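Reader: I'd like a close look at one helix in this model, and then a walk outwards from there into the rest of the assembly. Could you take me through it in plain words?

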Amino acid sequence: MNEPIISRPESGTDEAVRDALPTTGAPAPGRTASGESTPGAGAPGTLSGTVAVGAVHPAGAGAGDGVPSRADARAARRHARRMRRFDNPWLDPKLLWGVGILLAIIAVGLVGRYAWDTEMVYTGSAPLKLPPVGFENLRKQPGVGEHPLGTDGAVRDMLSLIIVGAPNTLFVGLVASTIGMTVGILLGFSAGFIGGRVDDVIRVFSDVMITIPPLLILVVVQASFGDVSLTLMALLIAGFVWQSPTRLIRAQVLSMRESGYVQMARLSGASTFDIMFREMMPNLVPYLFGSFIASVTTSIVTAVGLEVLGLGPQRIPTLGRTIYEAINSGALIQNLWWWWGIPTLLLGIMFIALLLINLGLDEVSNPRLRKA
Amino acid sequence: MEKPTGEGSAASGTRRSVLEVSDLKVYYATPTGDVRACDGVTFTLYEGETLGLVGESGSGKSTATSGVLQLVSPPGRIAGGSVVMDGQDMLALDEEALRRSRWRTLSLIPQGAMNSLNPTMTISAQIRDVIETHEGRASKGEMRTRVLELFRRVGLPGRIHDMYPHELSGGMKQRVCIAMAIALDPTVIVADEATSALDVVVQRVVAQTLAKVREELGVSMIMIGHDMGLMAQMVDRIAVMYAGRIVEIAPVRRMFERPAHPYSRILIESIPSLTERRPMRVLGGITHDPRHPPPGCIFQMRCEHAMDVCRSDPPPRPQEIAPDHEVHCHLWRRDANGEFVDMRDTGEAPRTGAVTAVVARDPGDSLARADGDLVGGGSAGADPEGVGDSGIEATEGASR
Amino acid sequence: MSGNLLEIDHVSKIYGPVDSGLVALHDFSLTLPTSPASIVTIAGESGSGKSTLANLVLGFTKPTHGTIRFEGRDVGAMGKRDMKDYHRDVQAVFQDPFGSYNPFYRVGHVFDMVIRNYKLAKRPADARERVEEGLNAVGLSGDDVLRKYPHQLSGGQRQRIMMARAYLLKPKLVVADEPVSMVDASLRASILDVMMKLRDEDGISFLYVTHDLSTAYQIGDRIVLFYQGTLAESGAATEVISSPKHPYVQLLVDSVPKADPGRRWQGEVELPVEEELRTAAASGCRFHPRCPERMPRCRETLPPLYPVGAPGHEASCFLYDEKGGETRGDDGGAGADEGEALREA
């Protein structure tokens, strides 16, 4: 085994201190093969679970005479509050905003079905080509309250399209990545843990598939299918989304396999299943989250790509489809900007939300990225 | 290299100081308060001597040196004190001046030095890099001569000149790092655990290389480590650190023969001997929260002689109980003649039994113990490392 | 109980092809009696093969040649179920006091795993009792440590908890692989004490793998010293260390830094470059390139173990071959020329 490494923080020094001190010779804060310093749910260092007790002593606060003034006390309290929030990486503003936006979109979808007449999503339900409220179209027709976001060239209400279409897009993303992650976990674990031939096969397979451009294949496949349902499209996309999680999990499992606690588990009579899911999995959770969000983003991008090309579900309203129809019907020339603009904007918001979640999760799994 | 320790104070004319560190404080900001990694460290390094800085994990020895070298990065900061080298106040230097003085006046052999060699460059290229960065370019031939000379100084064969780090053994890599540290003829070298990851025999070779280099160049050295045996072999004076503060500085012989501070005493007595089976001591008591050190002496929670005054007043700094031997401890006081006397000798020091000793024994012997039961059947009080509430609550924000 | 607890019978471990791969361990044999329990120190530096031996005894890897028998059963031939049974009797404590814990769980998790998998208790109350018993045996109490996370305890405490975990199964043998090297010096004695106590009160034998001769001297009953996969010297720990006979062991003992400023290293030790660049001897005595006493035959054949004084004290060195062959001095054995390892007395 290794030569001794010294200077490990001793005697009850907690994780915050260890992260703070230059741990000479000890593994750096963040992830290491032995799973040190992992902020998996429920594994608190002071960084994620502290009760900040009473007086905090921010450096330099307080007047020289030792009696803190009112202003100082307030400053100290503010500092303490900021520090406490800094404690728990799960409460990071990026993460909260990102999740919030996605939840808002889902809420709009759920509530909207009842609050708004979504029958207007079908053609012929409204006056033609009206702009959103407050704007005028080329024919000088103003927007009307009944169709606050305007209508499109096939006389469908935009708001209804959003209410129905946005959740659909999210749905495709979530289903595709759920399937992709599940496959990825199974294959990644098998490759990493069992090794040998199984590892070779899985690795080659996933590496080769990564190089194949998904859109190309899907265009061909979908074109031959004709009309597809949302679920079917999700399934097809899932076929191209499992490779990254597989590689990620395989790499993590390979390094975790040699760690001290896995050896201990083997000595304690743990079965392979036990080791994989009881010992390794909990430490993988932050990675899995991050990978999941990345997959969702990829899936939605692929789905929208297909839809904008005219493939994808023909009769089910989705954001991508709307953009397709807008372009196809000459919305660009007719200055019907709201037709393609609003779905695009909404897609943009979705991606920003996913990006924020991703950044927030990065900080959860790697304490070094957190702002000091 | 023995320096005349002279009668009288350190200001005697036989020695010139090259580095004076005074009340150095390095703190790290955390959500629940500053961790006082280095809390008021004062020492002087004299020309040509080797000072050993000894401490266990959490003692702050590496932090103190990063403070001296100004390698502290956020969330750490230098919170006070001064570092004066050759008359120059190091903390007042700006970034550019600092960069210029680094390596030329003060160089570092970092911990895990073997792993800090660039795997994609040859050894000689890396040494050339160091030299050129500080002295400008030189001709290839000159450089080669210089590098080979450095190799000779550290006992490396010339033919490794164009090899890559991975082709060398651990001991050789370490000596390459020493070569880099002496390349610009610095005044002071700081060796941070320079031999820690090496095998015993290789460690000896590297340690002897360091000694040789020291003699040839006349550099002053600070050696940081935790292996007391190695310190005994290598240094002229030893400073013992505990929890961010220096508790004792003494010439090496005195430290091993007559350690004055209770912590130094335990460190010495916990060294397992290679020649006789005798009790090894264990440090007991409870550690304190590094963010909220207790008022009074920093060692009070683990000291077997802690008195009331220890809990309220920090030890008067520093008590020079013998020439060149200073200790920060209330157990030493002046008697009627103004001489220093150890209260443990006069019987005035209490014993709280926080420390116990472990005795080697052969199978079949009845259990032999000294100083009370270390591993007994009962739980309360049996744990010398003091799992006790304070030790752990301390990490969650409350202080004792 | 006159059978042997552990019989290591001419075991070799070679990585790679058998005739040209890396010989991590060469033809090693050792017998551990069932009683009295003892602490056998397996000592050596890096590359000596001591970790390989630990892995072989624990069943993590199989020997290339030879067999390891535990109470008569062949360890190398065990399947998964047998191995699980085997670990009832043979447990381990590893070097890294932090890495042995899964950071996601509290410290109690290491005990729960053992109790669950080996069905040591049916009811939670019984389980808690057994854990408490184990913790008390190492000087800790459950209330203090079980609910904590590993990073909230000191290295010394963590290692003692690992000892308690091993103890839970009442094993007959514990392989302790560098248990104190990553623990602060002032706390090491507590762990060493636990080992001695378990040996005396519970009859548990230890294979104490270490590179630190001082602790070996303090707690070892027997010592076995390796050099590059071969056995250099073995015997009673105090005997071998105070009076080493093999030139390598002599060099090793002399190079341990003594905590006495009055007794500093004498003379300079040099390492020949070939040795350092790892092109060491592949046949004969592994130490011969550096040995000040080497003879021609050292280069050709690996010396067998010769008795060197006290009963049980053996060294693998031709210097002690009384029956014949060349004696030192025949071959300019001091090797003063060629610039190789020179050790002044």
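Author: Let's start with helix H5 of chain A, which covers residues 158-194. At 1.5 Å a residue, its 37 residues should span 54 Å, and the end C-alpha atoms sit 53 Å apart, which agrees. The expected span here is 1.5 Å times one less than the number of residues. Helices are DSSP runs of H or I with at least four residues, strands are E runs with at least two, and both are numbered from the N terminus.

A quick word on what you're looking at: this is a predicted model, where local features need pLDDT of at least 70, side-chain atom pairs count only at pLDDT 80 or more, and totals for chains, interfaces and linings use all residues. Residues are numbered from 1 along each chain as its sequence is written, while chains are lettered from A and ligands numbered from 1 in the order in which they are written.

Back to the helix. H5(A) is mostly covered, with 26 of its 37 residues buried. Buried means that 20 or more other C-beta atoms lie within 10 Å of the residue's own; 12 or fewer makes it exposed, anything in between partly exposed, and the C-beta atoms are placed from the backbone. Just after H5(A) comes Gly195(A), with a positive phi of about 65 degrees.

Now for the packing. Ile237(A) is in contact with Val172(A), Ala176(A), Ser299(A), Thr302(A) and Ala303(A), if you leave aside its neighbours within four places in sequence. Contact means that the two C-beta atoms, placed from the backbone, lie within 7 Å. Ile237(A) also belongs to the largest nonpolar core, which has 272 residues. Such a core is a set of buried Ala, Val, Leu, Ile, Met, Phe, Trp, Tyr and Cys residues joined through C-beta atoms within 7 Å. The residues with the most contacts inside it are Ile237(A), Ala179(B), Ala239(B), Val240(B), Val175(C), Met195(C) and Leu207(C). Helix H11 of chain A, residues 272-308, gives this core its largest share, 14 residues.

On to chain B, with its 12 helices and 16 strands. Of its 400 residues, 53% are buried. Take the contacts in chain B with a separation of 6 or more: 65% of them are between residues 24 or more positions apart.

Four of its strands make an open antiparallel sheet in the order S2-S1-S4-S5. Strands count as paired if DSSP finds at least two bridges between them. The edges are S2 (33-46) and S5 (88-89) of chain B, each pairing on one side only. S2(B) is mostly covered all the same, with 11 of its 14 residues buried. Strand S1 of chain B (residues 17-30) runs antiparallel to S2(B) over 11 bridges, and Leu19(B) has Leu45(B) in S2(B) as its bridge partner. S1(B) and S2(B) form a hairpin, with two residues between them. At the other edge, two bridges join S5(B) to strand S4 of chain B (residues 76-85), again antiparallel. There Met85(B) has Gln88(B) in S5(B) as its bridge partner.

Where chain B meets chain C, 52 residues of chain B are in contact with 59 residues of chain C. On the chain B side, the elements that give two or more residues are helices H5 (170-182), H6 (200-217), H7 (228-234), H8 (252-257) and H9 (262-269), plus strand S11 (280-282). That side has 28 nonpolar, 14 polar and 10 charged residues. Here Ala, Val, Leu, Ile, Met, Phe, Trp, Tyr, Cys and Pro count as nonpolar, Asp, Glu, Lys and Arg as charged, and the others, Gly among them, as polar.

Chain C itself has 12 helices and 12 strands, and 54% of its 345 residues are buried. An open antiparallel sheet of four strands turns up here too, in the order S2-S1-S4-S5. Its edge strands are S2 (22-33) and S5 (73-74) of chain C. Two bridges join strand S4 of chain C (residues 65-70) to S5(C), and Phe70(C) stands opposite Arg73(C) in S5(C).

Last, the domains. An automatic or database domain assignment sets the bounds, and for chain C it gives domain 1 (4-227) and domain 2 (245-339). Taken over C-alpha atoms, their centres are 31 Å apart. Domain 1 puts four residues into the contact and domain 2 puts in seven.
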